[in-house]
Amino acid sequence: MEDERLGLLSKPRIHGEVELMSFGSFLKWVCVDQSSLWRVGLSWSVFVVFAIGVPVASHFLLACPSCDPDHSRPYHVPAQISLSLFATLSFACLSRWSRKYGLRRFLFIDKLCESSEKVRHGYEQLVQDSLKFLVFIILVYSAAESVYKIWWYVSGAREIPYIGNLYVSLTIFCMLELFSWLYRITIIFLVCVLFRLICYLQILRLEDFARVFQKETEVGSILIEHLGIRRNLRTISHRYRLFILLSLSLVTASQLTALLMTTRSNANVNVFKAGELALCSISIVTGLFICLRSATKVSHKAQSLTGVAAKWHVCATINSFDSVDNETPTTATAQVSSMQVFPVGSESDSEDESGDGDDDDDLNDTKLVPIFTHTISFQKRQALVTYLKNNKAGITVFGFMLDRTWLHSIFGIQLALLLWLLNKTIGIS
């Protein structure tokens, strides 16, 4: 019970193999440790200061109506509002997950005892890669923002309002704004990378699950394992569905607002005025893109299991008719007959000729052939294929499957809104 009361920052091992201390230390560094009352107060205090207080103070204290046009910051308000709202949504979700789940439960580490050794080692590598990816993407956007802020303060030092000593005041203002930016994008990308890590764990389990069709396995055990995977995907969907929906709405509204402001007839846009708005827009769109891409990948991996099972069923059925006197064929005979149905290399040759393919579409393997054709009856195999066909697993948002079809619909809606807005602002008729 003590482990359940710990926040997101507990430090378990993945079956004694993977140490999550570095990941937990990173979470502590961004002050999302809410395992005790005083840590909750510290976490929320830091959030209020850097996500709300600094942007508001910056807007009022650094307002410069007498500055030259490049330092007037006409797009500062929409940029800060969109970034702070996204950071608020991310922090609220992190706080809720921290109170309700431990790190083991939230990252499904407690479920790895049911997985193979390959999945456990793969997840160990995923944790390390996710931390590196998180640090890399934060450094890239922070460097871009630092260049812009330093230019803004250095080039307009004599015009920007200050308190007391000019250089000390502007240095403090610049550092506070940079820390505010760093804190907010860290919170945003942290939630998105955690979602990516959880989705990639399920992809590892799906790839490992697809190998059950290469060996003698009962339909009951296959069904139980698939039900476990579907339960995990349903749990992930339930935890993240509100975040995905609200972030999608927020990003859409913020981008339409930014487009409206920059495409007005009297708008004067250049890289100096709209640079910060562009960085904020790219940051939040990148976070949303990470979530949508991860959800789409795991959904299509889960749905492609139907094709793998159907291929296994076809091969087993054909091999059973090829056998003599209904006797179970030997391994070599089954492989030869399966090679006649699905020659190894036929699909790989066509893929090489067509160029680089998308390995996210399915789990099909040309070497995936059934060896034991009579172990499972035709009726059981058919029932399993029918079950997989009618019970598609994947990430859902309030019942809507988050796959490429759903993304195409979103893209169509976004394009329609874009064209409508451009018609209103630049007068296309």
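Among contacts in the protein chain between residues at least 6 apart in sequence, what percentage join residues at least 24 apart? The share is 84%, where contact means heavy atoms within 4.5 Å.

This is a predicted model, in which local features need pLDDT of at least 70 and side-chain atom pairs count only at pLDDT 80 or more, while totals for chains, interfaces and linings use all residues. Residues are numbered from 1 along each chain as its sequence is written, and side-chain values use heavy atoms, with hydrogens and water left out.

**Overall make-up**

The secondary structure of the protein chain comes to 14 helices and four strands; helices (H or I, at least four residues) and strands (E, at least two) are DSSP runs, numbered from the N terminus. Of the 429 residues in the protein chain, 48% are buried, a class that means under 20% relative accessible area, with exposed set at over 50% and partly exposed in between (1.4 Å probe, protein chains only).

The unreviewed UniProt entry places the feature "transmembrane region" at several spans, among them residues 133–154 and 405–422; positions from UniProt are given in the numbering used here, feature names are shortened, and annotations may be inferred rather than shown by experiment. In the model, the span 133–154 is 100% helix and 0% strand, and its end C-alpha atoms lie 31 Å apart. The span 405–422 is likewise 100% helix and 0% strand, with 26 Å between its end C-alpha atoms.

**Helix packing**

Helix α3 (residues 37–61) packs with helix α4 (residues 76–100) at an angle of about 175°, their axes being 10 Å apart. Axes are lines fitted to C-alpha atoms, for helices over the stretch in contact, and angles run from 0 to 180 degrees between N-to-C directions. The two helices α3 and α4 are therefore roughly antiparallel, since angles over 145 degrees count as roughly antiparallel, under 35 as roughly parallel, 65 to 115 as roughly perpendicular and the rest as oblique. The residues of this contact of α3 with α4 divide into seven nonpolar, eight polar and no charged, where Ala, Val, Leu, Ile, Met, Phe, Trp, Tyr, Cys and Pro count as nonpolar, Asp, Glu, Lys and Arg as charged, and the others, Gly among them, as polar. Residues that meet in it include W44 and F47 in α3, and V77 and F91 in α4.

Helix α7 (residues 166–209) has 36 of its 44 residues buried, so α7 is largely enclosed by the rest of the structure. The axes of α7 and helix α9 (residues 271–303) are 9 Å apart, at an angle of about 10°, which makes α7 roughly parallel to α9. The contact of α7 with α9 comprises 17 nonpolar, five polar and five charged residues.

**Selected loop residues**

Three loop residues are set out by place and relative accessibility.

| Residue | Loop | Relative accessibility |
|---|---|---|
| Y75 | between α3 and α4 | 3%, buried |
| S116 | between α5 (103–106) and α6 (117–155) | 25%, partly exposed |
| F398 | between β3 (396–397) and β4 (400–401) | 41%, partly exposed |

Y75 and E276 are 201 residues apart in sequence and 7.8 Å apart in space, C-alpha to C-alpha. Leaving aside neighbours within four places in sequence, Y75 is in contact with residues including M261, N268, K273 and L277. For S116 and D208, a sequence separation of 92 residues goes with a C-alpha to C-alpha distance of 7.7 Å. F398 has a positive phi of about 55°, although F398 is not a glycine.
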